[in-house]
Amino acid sequence: MSLAENLLNSLPNGESVSTFISNPQEEGHIVVGEDRRITVPAELRNIAITGDKDVETVTIDCIRYWDGHDLSTFAIYLNYLLPNRNDGSYIPQNIRVSENQFSFDWTIERHMTEVAGAITISIGAIKT
């Protein structure tokens, strides 16, 4: 028996491959908490591989209020430092606001994956 047949035969009764494909488990979010620390869930610590181009999008959730200021009304920047020491900024276009947080998506672009290693990020909110 092939490995694929073994895997198909190991599915629970009544389940099919399409069940697992059409109901993927939701990916975790990167979170900027009340202490302003960035928490990256384990499943996002290896976010891309060398040469990836626009294949990974992650959601970042940020605390909305800090010291009486509504940060969702500020200009938001995701600043990054690549393993080769090149840096840059990503300006989110799709900020979503809820009661106590705001969220945006970040798509990992090809130039960010040209060199293997860790990508360091910081999130800035600038009042304009």
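R36 is exposed, with a relative accessible area of 54%. The model is predicted, and R36 sits in its loop between β1 and β2. The phi angle of R36 is near 65 degrees, a positive value in a residue that is not glycine.

R85 also has a positive phi without being glycine. The loop between β6 and β7 (87–90) holds R85. R85 counts as exposed too. The table sets out the two arginines.

| Residue | Loop | Phi | Relative accessible area |
|---|---|---|---|
| R36 | between β1 and β2 | near 65 degrees | 54% |
| R85 | between β6 and β7 | near 75 degrees | 63% |

Now to a buried residue. E56 lies in the loop between β2 (38–39) and β3 (57–63). E56 is buried, yet it has no salt bridge. Why not? A salt bridge needs a side-chain nitrogen of Lys or Arg within 4 Å of a carboxyl oxygen. For E56, the nearest side chain of opposite charge is R96, and R96 is 12 Å away. Setting aside residues up to four places away in sequence, E56 touches E27, I47, W106, T107 and I108.

W106 leads on to the core. The largest nonpolar core has 20 residues, and I60, L78, F104 and W106 touch the most other members. At least two residues of this core come from each of β1 (30–32), β3, β6 (75–81) and β9 (101–107).

What does I60 contact, leaving aside its neighbours within four places in sequence? The list is I30, L78, F102, S103, F104, W106 and I123. W106 thus appears among the contacts of I60 and among those of E56.

Conventions: Residues are numbered from 1 along each chain as its sequence is written. This is a predicted model: local features need pLDDT of at least 70, side-chain atom pairs count only at pLDDT 80 or more; totals for chains, interfaces and linings use all residues. Side-chain values use heavy atoms; hydrogens and water are left out. Helices (H or I, at least four residues) and strands (E, at least two) are DSSP runs, numbered from the N terminus. Buried means under 20% relative accessible area, exposed over 50%, partly exposed in between (1.4 Å probe, protein chains only). Lys and Arg count as positive and Asp and Glu as negative; His and the chain ends are not counted. Contact means heavy atoms within 4.5 Å. A nonpolar core is a set of buried Ala, Val, Leu, Ile, Met, Phe, Trp, Tyr and Cys residues joined through side-chain atoms within 4.5 Å.
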